[in-house]
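Colleague: I am new to this model and would like a close look at one part, the contact between the chains. Please place that part in its setting as you go.

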Amino acid sequence: MTKGGPRRVGVLVRKEFLQLARDPRMRRVLFLLPVIQLIVFGYAVSTDIRHTETFVVDLDGTPEARRLIEVFESSGYFDVVERSRRPGDLVRALDHGDAVLGVVVSAGYADDLSRHEATVQLLVDGTNSNVATVVLGYAERIVHGHGIAVAGGGIAPPIELRDRAWFNPDLDSRDYNVPAVVGVLILVVCFMLTALAIVREREIGTLEQLMVSPLSPLELVMGKAIPFALIGLFDLAVVTVIAVLWFRVPFAGSPLLLFGSSLLFLLSGLGLGLFVSTITRTQQEAFMASYLLFFPMILLSGFMFPVSSMPAVFRWISLANPLRHFLEIVRGIFLKGVGLPELWTQHVALAILGVGLLAVAAWRFEKRVG
Amino acid sequence: MSLRRLLAIARKEALQLSRDSRSLALAFAMPLLLLAIFGYAISWDIRDVRTAVWDQDLSTDSRELLDAFRASGYFSFVTTVSSSAQVHDLLDRAVVQLVLVVPPDFAEDLGAGRSAVVQALVDGSDANTATIVLSYARAVVQEHSTGLRVAGETLRPPLTADSRVWYNEELESKNMIVPGLVAVIMMIIGAMLTSLTIAREWERGTMEQLAATPVTRLEVVLGKLLPYVVIGMTDVAVISLVGVFLFDVPFRGSPILLAILSFFFLLGAAGLGVFISAAARSQLLATQMSMMATYLPALLLSGFMFAISVMPKPLQLVTYLVPARYFLVVTRGIFLKGVGVEVLRAEGLLMVAFAIAGVTLAVHAFRKEIG
């Protein structure tokens, strides 16, 4: 950077901020985006599936059969929405999506039960395989438990499984998802908006004006990138505060480390944004190109789908994904309270990826405008 | 309205798009890339849970139980441990997801007819995975203990569940994802790409030129939409064909019904995109607004990945405003359930209403902006 560089960068940063802030809608969008994602991931994503719509076909009609259905209802996991004596009605309800689970008690259930050989049929709508797995697990446990209760406890299960969940005893998915929103937001802001902002100058022809100004390419890039980096850090603060104060997500680790690793992660985001801006000419192209990178990065990061259940090839590929490393850091700091001794590999990976991406992008940029 | 003028606008937009060959290539590459990732890389189907074993009993009984875990196919034993410090370390560093601990008196308890205990310690940081891992473990223990002979007598539970899964018999997440992907891709292509078109005319200053030409608003809007609807329909066809033939996703309903309803949904989404575009006037703002209004709700609040029934009530009410929610009922219904118009009548009418609303909004916003 030549003499007076910092001042020139400062002027450009101010110009960018003014341009962004002049549009009140842009201000609102930049604030709403994190809030909406937080609400969704704080409230909408849950594996605790209660009140499953249940359809009962009771072909037996005995008190014993009613007793079984009552156990389902009182568990809190199942809401009986309809009853019928015709199996055809159950088919219709599943087809229409009115019920997720069908419980069919066949004729002669009470007699079979007294002989200890009763069967209950469970039909579950598998279109949402996640929900179906959990619902079926609950339902089978209820049937099994009821069977033991009916037998009078004389046959306690010979082996009992005692389970304990570490780091998250209530198995609350909110704690896992909310901190990860930080990573996704920083990526959107730094990567996508940087790319669009630079390509915009090219598209409307003001890039040449900037080039003939005394700004060097490096200063130009810094001036463009710094506002979005600051917005990204602002989003980080907003998400962390809301996560801890509103959603009561534990924050076990060091805030300073989180800030430091976010800076490292910003490098990758800005590098990618700059890179996309050098391979595209219009904002539409830039938008599509950043989406093409953005989507796989999110899907292969462990944000919603665990990295551990990917095939080996994709686990290897995901090592080149800065978001994957950043999410491991964020979750480690929030939930496990671990620090650099446990997370240094992720930090090294982030640093390498960030510097590498930024260097390639800066080189390409220099070549294009030079 | 003149069809000739409408087609002229459509031709101009299509020419502009095809000149921008990279954008066009990306519009087709995107669904294929997403399909490949969803088809090959990620799933919620949890197999080969990395498990560590701490067998403190080392008896025949404990080995049989652990064999049952191994034979289930869900657990892959990666290591054995012999101290609680090791357990801590393995879970802290996320080397294993599950630690099975068999206490020293396991065989003795079992032989004496007391309830023998086996401990499962699961990494709960990903609650979704942990819930499923624990339900597998519970099923293994339950099944193993049913087969045990206690005091010379085989135990038989008085009541058993005969469970069947419909529509997605193997409970594979790809069968749930591919039909949902159709809706999300259409929102991206339909609404997000179109949201850039009119903002672009404003930014480049060509809007006045367009306004000065002898075309009506409806002609401009429909002409602008048409090329994107064509791209979107092609994407639907590509996703469906690849999903069915490469990933073996069942397709049990009528392709024609899917095409018709997709067309209406796409028209509505594209109309919404033009509306946002006209309101935003800048491409940067337009992308962010359309992301918030169309793509995020379609991804998160439509029931695509997260079930609506588990959301809190206020959020459930919000999902009724998300058009993708209804379209998802259509795609899953046609792909997996094989249902037709008789079941999807309400959703079909909503798609038509969405299309009319989208185009009307677009035309309306357009007048305000030019006038």
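Modeller: Chain B has 14 helices and seven strands, both being DSSP runs numbered from the N terminus, with at least four residues (H or I) for a helix and at least two (E) for a strand. The model is a predicted one, in which local features need pLDDT of at least 70 and side-chain atom pairs count only at pLDDT 80 or more, while totals for chains, interfaces and linings use all residues. Residues are numbered from 1 along each chain as its sequence is written, chains are lettered from A and ligands numbered from 1 in the order in which they are written, and side-chain values use heavy atoms, with hydrogens and water left out.

The setting of the contact is given by the two chains as wholes. In chain A the secondary structure comes to 14 helices and five strands. The radius of gyration of chain A is 28 Å, whereas a compact globule of 370 residues would have one near 21 Å; this radius is taken over C-alpha atoms, and the globule rule is 2.2 Å times the number of residues to the power 0.38. Chain B also has 28 Å, against a value near 21 Å for a compact globule of 371 residues. Along the principal axes, the C-alpha atoms of chain A fill a box of roughly 95 × 45 × 40 Å, and those of chain B a box of roughly 95 × 45 × 40 Å.

Burial can be stated for each chain too. Of the 370 residues of chain A, 56% count as buried, where buried means under 20% relative accessible area, exposed over 50% and partly exposed in between, with a 1.4 Å probe and protein chains only. For chain B the share is 57% of 371 residues. Among the contacts of chain A with a separation of 6 or more, 79% are between residues 24 or more positions apart; contact means heavy atoms within 4.5 Å. The corresponding share in chain B is 78%.

Now to the part itself. Helix H11 of chain A (residues 283–299) packs against helix H7 of chain B (residues 173–204): their axes come within 10 Å and cross at roughly 150 degrees. Axes here are lines fitted to C-alpha atoms, for helices over the stretch in contact, and angles run from 0 to 180 degrees between N-to-C directions. H11(A) and H7(B) are therefore roughly antiparallel, given that angles over 145 degrees count as roughly antiparallel, under 35 as roughly parallel, 65 to 115 as roughly perpendicular and the rest as oblique. The crossing of H11(A) past H7(B) is right-handed: the near helix is turned clockwise from the far one by less than a right angle, whereas anticlockwise would make a crossing left-handed.

On the H11(A) side the residues are A:Gln283, A:Gln284, A:Phe287, A:Met288, A:Tyr291 and A:Phe295, and on the H7(B) side they are B:Ile188, B:Met192, B:Leu193, B:Leu196, B:Arg200 and B:Glu203. This contact of H11(A) with H7(B) has eight nonpolar, two polar and two charged residues. Nonpolar covers Ala, Val, Leu, Ile, Met, Phe, Trp, Tyr, Cys and Pro, charged covers Asp, Glu, Lys and Arg, and the others, Gly among them, are polar.

One residue of this contact, A:Tyr291, sits in helix H11 of chain A. A:Tyr291 counts as buried, at 0% relative accessibility. Neighbours within four places in sequence aside, A:Tyr291 is in contact with A:Met192 and A:Pro296 and also with B:Met30, B:Ile188, B:Met192, B:Met291 and B:Tyr295. A:Met192 is 99 residues from A:Tyr291 in sequence, and their C-alpha atoms are 8.1 Å apart.

There is also a contact between H7 of chain A and H11 of chain B. Helix H7 of chain A (residues 173–203) and helix H11 of chain B (residues 283–300) pack with axes 10 Å apart, at an angle of about 150 degrees. H7(A) contributes A:Val188, A:Leu193, A:Leu196, A:Ala197 and A:Glu203, and H11(B) contributes B:Gln283, B:Leu284, B:Thr287, B:Gln288 and B:Met291. By class, the contact of H7(A) with H11(B) has six nonpolar, three polar and one charged residues.

For contrast with the buried A:Tyr291, A:Arg7 is exposed, at 60% relative accessibility. A:Arg7 lies in helix H1 (residues 5–22) of chain A.
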